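Subject: Structure handover

Hello,

Here is the structure for your files. My notes on it follow below the entry.

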Amino acid sequence: MLASWRQIGEYFNRLAAASPKVRVDTLGTTTQGRPYLLVTISDAANLARRAALMAAQRRLADPRTLEDAEEARLVGSQPTVILITCAIHSTEIASSQMAMELAYRLAADSLLGAALRDVVVLLVPSANPDGVDIVGEWYRSTRGTPYDGSSPPWLYHPYVGHDNNRDWFMLTQVETRLLTRVMYRDWFPEVVYDVHQMGSTGARLFVPPFADPVNPNLDGMLVAGVNLVGAVMAAALGDAGYTGVQHQARFDLWWNGGVRSTPMRHNMIGILSEAASARLASPLCLPDSAVEQPPRGVDYPSPWRGGCWRLRDIVDYELVAALALVRLAASQRAEFVQRFVRLGRRAVEAGRTGPPVAYVIPATQRDAAAGAHLANLLIATGVEVHRARARFAADGRWYDAGSLVIRLDQPFRAHAKDLFDRQAFPDRREYPGGPPIPPYDVAGWTLPLQMGVAVDSIITAFAADLERVDTVAVTPGRVIDDGDVVLLANRTNGEITATWRALAAGGAVAIAPARFSASGREWPAGTLVVRGARMAVETAAREFGFEGVAARAVSLPTGSLVLRHTPRVALYRSWNSSMDEGWTRWVLERLGVPFASVSDSLIRRGDLLRRFDVVILPSESASAIRRGRQPDSLPARFTGGLGAAGGEALRTFLRDGGTVIALDQASRYAIGELGAPGVVVRTTRRGDPSNLSRFSAPGSIFEAVLDRGHPIASGMDTTAAIYFVSSAILDTASGARAIASYPRDRNPLLSGYVEGPEALAGRAALLEAPVGSGRAIMFGFRPQHRGQTHGTFRLLTNAILYGAALAPTSQPSAGRSATGR
């Protein structure tokens, strides 16, 4: 049985009413409007001085002004603060149920009550309350049917599904932002414990130590603290007779962005447990032949005996681990507090000596809003940001007043450095000369590269007149000169939003295919010329900080593409619960690009061109798009994929003049099923005897060279940093045109890892391929990856504008004038 989110909330409120050790706070509302709960559990006296404890944690987190006497007093009296987060991944449902029993035992058990004098437990019953009900309602509707225990055919977070645990430095989702404030503004816990589940057939529970590699920005003292907690959890489980506990599995200490990994860049011990899953809440009975346990050894000393595995088993393992943490935090209270202070001091000293000693975000940026957004992300995660009051010099370069400075002599240095560093994932092999061992998640994530923000690393100490800022606002932009025709260079994401607002207001937008003169200056190919909606553009300019230039009339170059209506965009939404679809939906909504979500059945019906100009296929494998969920795995309406009928409908759409935009792996479907002229280059990670190129690039940032003569590259620089996630390597075929390609003469890796970069040399990363009267635009990367890649959002939106402008419902102009009438 699964409690709903309403029932879970009611339980905690009743428990708080019955116990002086329990307090329930609603931090805000979720994406779908449910309350996001934080339950604080401690000794009643601690809860009575909650504000004082929070203030003391803030002092401990920043020891720069902490005098020795005050430090000694706090180390001698301050309870350890631990944060336990449950069920961020909602099909990993057990911990949302476990949280109620954990809170009850903490409140009711007299022995644990003694521990609570030295511990404050911050309990999040679910970091994704919407998902508790999304999964719970699906489970209840299918229980006792042939689909009992299946995963729902939609994302269990309304936008990002499993990637809600990849959002902890980008903060795109409201749930992430709510808990981020608890960690870095309110409570500053010494330990963050994130409770998860994994596959069903192997070990019963993973706890640290983690696997290698260790990120170079993590202090060794912090890693030792992680190992201590994991060892105590494992010992408690063994003492209680629980078997199948594993260490040093595939979960590593490299990547940033998770509930347990981002706090580690804030001197907090980050703990992950992963329990074996049942069939949601239904039992799973495994024959011996299906059990795939690791061999017995120091990292797996007591193998599981096999048999049936139930929701109750998962809850029991998780309870033992959580209670072991509480007891450890109580018995070593002073050590946890002292460690937290020392880690902060070591971070400050490392930043003082460098290198680097600081980062500078220059005042002048290609996209001012992106620069401000990057700075605000740092501030929201507790990093101090300063603004220069006057011009200053550092490392031989001059910076204007208004430039932002991130000094690294601060406690959360590791977080800023880890986001701004270019990652170099170590070359680790399964055996000498064998295939590389990939990271658990991604290899590189350098945020300035992804966002297209210029940032300088400062090596030597410098002097500047700085003021600390709590938020960074964009200097309002404007539209200069007179007239109702506005020219936009299309260099910022704000101009994307302005363009769609102008179309919605009844304006027209032209895309210039070549350089031209207007308003006394030269304009590059790709310039957007907006007619009849100056007010909409001006409003966006003030909001996003870009500049437009007005004219009374503009003579457009021959071949200009003109849009007189809002593009009619379809976003394919399969029943495979695609995270890439969710991210695409989220990005388009934030940019103000309207679209319609379309499922398998709607596409199969055909007649697509009557309703749409552009169809976007998010990144899914060709077989997943074609076949969908397997027959008999779900009710029939959710199975079968696009099938033959859907493929034929898309081919007809293309032949008659429509545009299909295929993102990353969907390019394979466009080539193999829709007849787009192009090639996906075959490679192997293991060294195949068929002489395939040996290649591996799991989640890295590459350099691509752009053909700026193509409208899709409008407003871009000559090169772009693109996000490659074991992506499709493309090559041209007859009639296809490469819009972005990898350099021929150098390794394209900017951050992360690549083996065999020669497989990329000169190959395409973005193709336009003609199909009949239409075209397939194929991305061999993720232009909207996890909402992080602000620097390549425009390639996606330019592709939409381009495809819509070429649709049969739009007509290109030939040497015509744009006027405000």
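Asn267 lies in the loop that runs between strand 9 (252-253) and strand 10 (269-276). Its backbone stands out: phi of Asn267 is near 70°, a positive value in a residue other than glycine. Please keep in mind throughout that this is a predicted model.

Two peptide bonds also deserve a note. The bond from Asp212 to Pro213 is cis, with omega near 5°, and Pro213 belongs to strand 7 (residues 211-214). The bond from Gly354 to Pro355 is cis as well, its omega being near -10°. Pro355 sits in a loop, the one between helix 11 and strand 13 (358-361). As background to these backbone entries, most residues other than glycine have a negative phi, and most peptide bonds are trans.

Next, the helix packing, starting with helix 11.

The axes of helix 10 (residues 311-331) and helix 11 (residues 333-353) come within 4 Å and cross at roughly 80°. An angle of 65 to 115 degrees counts as roughly perpendicular, so helix 10 is roughly perpendicular to helix 11. On the helix 10 side, the residues in contact are Leu328, Ala329, Ala330 and Ser331, and they meet Arg333, Glu335 and Phe336 of helix 11. Sorted by class, this contact of helix 10 with helix 11 has 4 nonpolar, 1 polar and 2 charged residues.

Helix 11 also packs against helix 9 (residues 220-239), at an angle of about 155° and with the axes 10 Å apart. Since angles over 145 degrees count as roughly antiparallel, helix 9 is roughly antiparallel to helix 11. The crossing of helix 9 and helix 11 is left-handed. From helix 9, the contact takes in Met221, Leu222, Gly225, Leu228 and Val229; from helix 11, it takes in Phe336, Arg339, Arg342, Leu343 and Arg346. By class, the contact of helix 9 with helix 11 comprises 6 nonpolar, 1 polar and 3 charged residues. Phe336 of helix 11 is listed in the contact with helix 10 and in the contact with helix 9.

Further along the chain, the axes of helix 15 (residues 493-504) and helix 16 (residues 534-544) come within 9 Å, with a crossing angle of roughly 155°. Helix 15 and helix 16 are therefore roughly antiparallel to each other. Helix 15 passes helix 16 in a right-handed crossing. Gly494, Thr497, Ala498, Arg501 and Ala502 are the helix 15 residues in the contact, and their partners in helix 16 are Ala536, Val537, Thr539, Ala540, Glu543 and Phe544. The classes in this contact of helix 15 with helix 16 are 6 nonpolar, 3 polar and 2 charged residues.

Last, the cavities. How many cavities of 30 Å³ or more does the structure hold? There are 3 of them. The largest cavity has a volume of about 50 Å³. Its lining is made up of Arg166, Phe169, Trp255, Asn256, Gly257, Asp441, Val442, Trp445, Tyr723, His785, Arg786 and Gln788. In terms of class, the lining of the largest cavity has 5 nonpolar, 4 polar and 3 charged residues. Among the nonpolar ones are Phe169, Trp255 and Trp445, while the charged ones include Arg166 and Asp441.

Regards

Definitions and conventions
Residues numbered from 1 in each chain as written. Predicted model: local features only at pLDDT ≥ 70, side-chain atom pairs only at ≥ 80, totals over all residues. Heavy atoms only, no water. Axes fitted to C-alpha atoms, helices over the stretch in contact; angles between N-to-C directions. Helix = DSSP H or I, 4+ residues; strand = E, 2+ residues; numbered from the N terminus. Parallel < 35°, antiparallel > 145°, perpendicular 65-115°, else oblique. Left-handed = near helix turned anticlockwise from the far one by under 90°. Contact = heavy atoms within 4.5 Å. 1 Å grid on protein atoms, 1.4 Å probe; cavity = no way out; pocket = protein on both sides within 12 Å on 5 of 7 lines; lining within 4 Å. Points joined across faces, edges and corners; volume = space filled by probe spheres on them.
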